[in-house]
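Hi there,

Here is the structure I promised to pass on. Have a look at it first, and my notes follow underneath.

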Amino acid sequence: MYAIQPIFKERIWGGRRLEALFQFELPEGQIGECWTASAHASGRTYFLDGPDQGKTLDELWQTKRTELFGDYLLDAFPLHVKFLDSSAYLSVQVHPNDEEARRLEGEPYGKNECWYILEAAPEAEIILGHNLQSRDALFRCAQEKDWETSLRHQKVKPGEFYYIPSGTIHALGPGIVLLEIQQMSDRTYRLYDYDRLGDDGKPRELHVEKAIAVTTIPDEPWTNQPETIIKEGGVMTKLLQVPSFTVIRHEVIGRYTLQDHPVFRLLTVIEGKGEARQGNRVIPLQKGKQFFVPRRAGDYEIAGSVTFVTSEVFLD
């Protein structure tokens with residue numbers, strides 16, 4: 001298990017909550033995103049310790065894929081993990097699927113994503129899905145900016161989990177901090193951006209034609225029943241298992257074993273503190289820290305009062 005150095009991104013809708021919540025040393029500005037595990041060209045995270053200290057996820061994916069990750073046939077590292085802090089609405093947006101991303105952008109992955117709400121102000125909400133029945137109706141909505149009645153608004157609170165498949169219109173509202181686990185993509189098509197201006201003083205770019213082309217119509221809300229397993233020293237809850245990724249929450253209340261596993265995992269600490277022990281090696285776990293767990297790394301004994309989320313991609 002090896003620590004990963006995060007990367008911070010300034011966003012027009014960002015804030016400073018990640019500083020207080022995770023004790024991050026943030027750069028100046030409105031920091032909307034902390035990329036905790038990334039192989040994307042616009043921000044590659046690297047290992048802080050271990051035999052591959054200083055190397056990035058994409059480097060190791062190309063040079064030690066079978067040894068560290070698994071017997072994957074994928075050309076590019078598949079996951080991207082980040083914290084988001086919203087002080088204003090994000091744009092109303094949608095993401096392409098894998099086939100659309102390859103066809104429209106020449107990129108390896110589209111963007112399925114999921115949100116685990118960590119903090120939410122009273123009455124905080126997200127936009128998730130729409131009520132429109134045709135692409136013509138969506139086009140008229142975009143032209144007339146008739147979003148209020150066309151989009152589904154959802155109040156949120158800490159501990160809730162949402163899956164946002166590609167093709168789903170969505171937006172994050174103000175007053176929310178969340179953990180996002182997604183495919184390795186930074187491709188977003190904006191439908192509406194509240195007429196905000198960018199740093200250049202001009203309205204931010206919209207991508208209406210592509211957004212309408214990739215939006216799922218009609219839209220069906222996603223439902224899921226998490227699978228909970230009571231274990232010695234804690235509780236394990238499988239929040240989501242889809243082809244793009246599997247997401248599991250681990251709540252530790254004593255001594256808990258993170259068992260040896262046939263593929264890599266990304267481990268994100270979201271609450272509390274504790275330690276992971278393997279032999280003589282002791283790894284402090286605290287809120288906001290991100291770790292890479294290689295395949296077949298053996299068991300880790302976790303102690304303390306700590307909650308963490310693991311993400312992985314199952315082999316077919």
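Six helices and 22 strands make up the secondary structure of the chain; these are DSSP runs numbered from the N terminus, with at least four residues for a helix (H or I) and at least two for a strand (E). The radius of gyration is 20 Å, close to the 20 Å that the globule rule gives for 316 residues, so the chain is as compact as a globular protein of that length. That radius is taken over C-alpha atoms, and the rule is 2.2 Å times the number of residues to the power 0.38.

A word on the basis: this is a predicted model, in which local features need pLDDT of at least 70 and side-chain atom pairs count only at pLDDT 80 or more, while totals for chains, interfaces and linings use all residues. Residues are numbered from 1 along each chain as its sequence is written, and side-chain values use heavy atoms, with hydrogens and water left out.

Now the inside. Of the 316 residues, 53% count as buried (under 20% relative accessible area; exposed is over 50% and partly exposed in between, with a 1.4 Å probe and protein chains only). The largest nonpolar core has 42 residues, and Leu-18, Phe-69, Phe-77, Leu-179, Phe-245, Leu-266 and Phe-292 have the most contacts inside it. Such a core is a set of buried Ala, Val, Leu, Ile, Met, Phe, Trp, Tyr and Cys residues joined through side-chain atoms within 4.5 Å. Apart from it lies another core, of 20 residues, including Val-94, Leu-132, Tyr-189 and Ile-217.

Leaving aside neighbours within four places in sequence, Phe-292 is in contact (heavy atoms within 4.5 Å) with residues including Met-1, Tyr-2, Phe-47 and Phe-264. Across the chain, residues 24 or more positions apart account for 71% of the contacts with a separation of 6 or more.

Some backbone details are worth finding on screen. The peptide bond from Ile-217 to Pro-218 is cis, with omega near -10 degrees, and Pro-218 is found in the loop between helix H6 (208–214) and strand S15 (227–231). Gln-23, in the loop between helix H1 (17–22) and strand S3 (31–37), has a positive phi near 60 degrees without being a glycine; with 56% relative accessibility, Gln-23 counts as exposed. Glu-123 also has a positive phi, of about 70 degrees, and is found in the loop between strand S8 (113–120) and strand S9 (125–130). Its relative accessibility is 63%, so Glu-123 counts as exposed.

Happy browsing!
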